Amino acid sequence: MHIDDLELTQLKETFTVDKEGWLVRIRKTSNRSKLGRCSLSDGYPIACWKGKRMLGYHIAWALYYGEWPDPTLDVDHIDRQRWNCAQDNLRQITRSQNMHNTIAHCDAKVSIKGVDFVASRRKPWRARLCVNYKTKQIGYFHTKEEASAALESARLGMQQILEGL
């Protein structure tokens, strides 16, 4: 979504991103400017702009590209550091692509994302892949390592298909 020149100028007078990737608010007091990092909510920078609470990486995107991020896409932090709003760390991708750039949950019984243990099966290790909100069953395997290898192979094949489109 496009930002008009006046709004972009106001945005640049109010915010900047420091060398470490933190979104910083510029507070003007008399003749001086004071810098202060924006507060974090669940690890993400949050800032108020024109009376609305906004995600800091949306503001950073607007500072870099002169437009708000596409609302149909996610803004992804490539290095998975939620606070890092550096230009080379942000990209717009689909929700499905963004979910592939996550790690296994900390309470998961198996540390490999997409692999789980089904005790009732002769081959108890199951590999599954989710693409565009649909789960693809890869198969059942004797070991966790076999399931992981099959899952990685399926991911590479799916990535080549998606890049070929």
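Visitor: Is helix H2, at residues 56–65, largely enclosed by the rest of the structure or largely open, and how many of its ten residues are buried?
Guide: In this predicted model, a residue counts as buried when its relative accessible area is under 20%. Because that criterion is met by so many of the ten residues of H2, the helix is largely enclosed by the rest of the structure, and the number of buried residues is seven.

Visitor: Which residues of H2 are the buried ones, and which residue follows the helix?
Guide: The buried set in H2 includes the aromatic residues Tyr57 and Trp61, and it is completed by Gly56, Ile59, Ala60, Ala62 and Leu63. Just after H2 the chain passes through a residue with a positive phi, near 75 degrees, and that residue is Gly66.

Visitor: How do strands E4 and E5 pair, and over how many bridges?
Guide: E4 covers residues 39–41 and E5 covers residues 44–49, and the two form a hairpin with two residues between them, where Asp42 in the turn has a positive phi of about 60 degrees. Within this pairing, Ser41 stands opposite Tyr44 of E5. The strands pair in the antiparallel sense, and the number of bridges is three.

Visitor: Which residue in the turn between E5 and E6 has a positive phi?
Guide: E5 also runs antiparallel to E6, residues 52–55, to which four bridges join it, and Cys48 stands opposite Arg53 in E6. These two strands form a hairpin with two residues between them, and the turn residue with a positive phi, of about 55 degrees, is Lys50.

Visitor: How many disulfides does a search of the whole structure find, and is Cys85 buried or exposed?
Guide: A disulfide is a covalent bond between the sulfur atoms of two cysteines. The search across the whole structure finds zero disulfides. Among the cysteines, Cys130 is partly exposed, with a relative accessible area of 39%, whereas Cys85, at 0% relative accessibility, counts as buried.

Visitor: What percentage of the residues of the protein count as buried?
Guide: The protein contains four helices and eleven strands, and its exposed area is about 11,100 Å², of which carbon and sulfur atoms supply 51%. Considering contacts with a separation of 6 or more, residues 24 or more positions apart account for 35% of them. Of the 165 residues of the protein, the share that counts as buried is 35%.

Methods
Residues are numbered from 1 along each chain as its sequence is written. This is a predicted model: local features need pLDDT of at least 70, side-chain atom pairs count only at pLDDT 80 or more; totals for chains, interfaces and linings use all residues. Side-chain values use heavy atoms; hydrogens and water are left out. Buried means under 20% relative accessible area, exposed over 50%, partly exposed in between (1.4 Å probe, protein chains only). Contact means heavy atoms within 4.5 Å. Accessible areas come from the Shrake-Rupley method with a 1.4 Å probe; for residues, only the protein chains shown count as cover. A disulfide is a pair of cysteine sulfur atoms within 2.5 Å. Two strands pair if DSSP finds at least two bridges between them.
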